Amino acid sequence: MKASSIPTTQIAAVIKNPGPDGTVHITNTHPVETPGKNQVLVKLAFSGICGSEVRALLGWSNYKPVVGHEGVGTVVQAGQDVPDSILGQRVGVKWLHSACGQCSHCKASSAHHCATPVFTGLHVQGTLQQYVVADARYLTKIPDGLPGEVAAPLLCAGLTMAGAIAELDRQQIPSNGWVVISGSGGGLGHIGVQMASRLRAYKVIAVDSGTSKRDLSLRCGAEAFIDFETENVEKRVKAITGEGAHACLIVSGSESAFELAPRLVRNAALLAVIGLPPATFNFPLAASALASKALTVTGVMVGSEQQMVDLLQHALAGVIDPVVQVEEFSQVPQVFEKLENNQVTGRIVVKIPE
Ligand SMILES: [Zn+2]
Ligand SMILES: [Zn+2]
């Protein structure tokens with residue numbers, strides 16, 4: 001794409017008045033930025049909308065007006081020090097926009113744990129616009145043959161669950177072990193059910209509420225589904241597992257899921273807090289319970305680039321198959337409303353206007 005054919009303004013979904021009265025507006029006058037050193041301009045085709053974006057709308061952190069961090073598009077302009085060979089490549093724009101390259105984690109090839117990361121939508125403008133500036137060093141190449149709308153939710157929801165699966169590996173949860181996934185029917189949860197059951201052969205107990213989330217969880221490979229609104233979750237998990245589960249991954253938008261988790265697991269189990277829970281949530285756990293049950297508590301916000309590459313290959317092979325509802329860009333404000341009310345089953349991806 002010639003520089004002369006890149007517009008100076010574009011269509012974008014912009015958050016106004018972040019806070020209790022925050023709203024999302026579609027505008028066609030948002031400026032297109034110019035890529036700087038190590039950066040490229042990506043013309044987007046699809047963007048997933050992550051549940052964590054509700055944090056931006058509610059003003060829980062000082063986000064940029066344009067959020068979104070599950071973008072799939074094509075590189076149309078290269079900034080300083082970026083080889084022209086990147087032009088025309090189909091890439092994924094993720095939550096991690098860039099990392100410092102200098103801290104202990106960056107030096108250990110774990111840029112996703114960087115001490116001073118730059119996040120898409122939080123520190124720089126996100127993917128709910130036609131053109132986004134991204135750092136070429138932290139982009140992900142999207143494999144040929146994988147539809148953009150399928151790749152999009154893998155860039156945050158899928159990658160975060162890949163990070164969670166790595167924690168199960170690190171804790172050496174036995175294959176065939178019981179894994180509770182709390183919030184199993186949402187954007188992250190349903191991909192987590194697929195990964196835990198299809199890639200690791202764990203027996204997944206899915207916890208969520210309502211018929212559509214039940215159906216999705218079971219379709220994704222869960223052995224059992226427990227509706228937290230109508231059933232006693234603790235009793236049912238104990239009935240199914242005997243001693244309790246080997247691990248509990250908490251992806252839920254409900255604070256009671258965090259209170260309940262320690263009671264769902266056996267001794268020497270793993271409790272993992274996944275994604276970015278609402279800022280007001282706590283993870284209440286008595287020190288004595290932590291010690292006497294020999295529990296491990298961990299947190300996962302995102303995964304590594306190698307996990308990203310592996311996950312896209314699993315998706316290309318059809319083993320991981322995110323359930324996506326594609327909406328027009330004009331629907332972005334309504335999608336935020338649904339996410340705020342926990343009404344999204346699977347993931348909503350929006351088409352970016354041409
Ligand atoms: Zn996200
Ligand atoms: Zn770093």
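Trainee: Which residues does Val 42 touch, not counting residues up to four places away in sequence?

Mentor: This is a predicted model, in which local features need pLDDT of at least 70 and side-chain atom pairs count only at pLDDT 80 or more, while totals for chains, interfaces and linings use all residues. Residues are numbered from 1 along each chain as its sequence is written, chains are lettered from A and ligands numbered from 1 in the order in which they are written, and side-chain values use heavy atoms, leaving out hydrogens and water. Contact means heavy atoms within 4.5 Å. The residues that Val 42 touches are Gly 73, Thr 74, Val 75, Val 91, Val 93, Gln 130, Tyr 131, Val 132 and Ala 134.

Trainee: Which helix gives the most to the largest nonpolar core?

Mentor: A nonpolar core is a set of buried (under 20% relative accessible area, 1.4 Å probe, protein chains only) Ala, Val, Leu, Ile, Met, Phe, Trp, Tyr and Cys residues joined through side-chain atoms within 4.5 Å. The largest has 88 residues, and Val 42 and Leu 168 are among those touching the most other members. Helices here are DSSP runs of H or I, at least four residues, numbered from the N terminus. With seven residues, the top contributor is the helix at 157-170, α4.

Trainee: Where does this core lie?

Mentor: The chain is divided into domain 1 (3-155 + 304-351) and domain 2 (158-300), with bounds from an automatic or database domain assignment. Both give residues to the core, so its place is between domain 1 and domain 2.

Trainee: How much area do domain 1 and domain 2 bury between them?

Mentor: In the contact between them, 24 residues of domain 1 meet 24 of domain 2. Buried area is the accessible area (1.4 Å probe) that two parts lose on being put together, summed over both. Carbon and sulfur atoms carry 64% of a total of about 1,900 Å².

Trainee: Which residues are the protein donors of the zinc ion (ligand 1)?

Mentor: Donors are N, O and S atoms within 2.8 Å of the metal (3.2 Å for Na, K and Ca), and water is not among the atoms, so sites may look incomplete. Along the chain the spacing is C-x18-H-x86-C. At 2.0 to 2.2 Å from the ion, the donors are Cys 50 (SG), His 69 (NE2) and Cys 156 (SG).

Trainee: What is the site of the zinc ion (ligand 2) called, judging by the angles among its four donor atoms?

Mentor: Cys 100, Cys 103, Cys 106 and Cys 114 coordinate the ion through SG at 2.3 to 2.4 Å. Four donors count as tetrahedral if all angles lie between 85 and 135 degrees. The angles here are 104 to 117°, and the site is tetrahedral.

Notes: Tetrahedral: all angles 85-135°; square planar, octahedral: opposite > 155°, others 65-115°. Buried < 20%, exposed > 50% of the residue type's maximum accessible area, 1.4 Å probe, protein only. Helix = DSSP H or I, 4+ residues; strand = E, 2+ residues; numbered from the N terminus.
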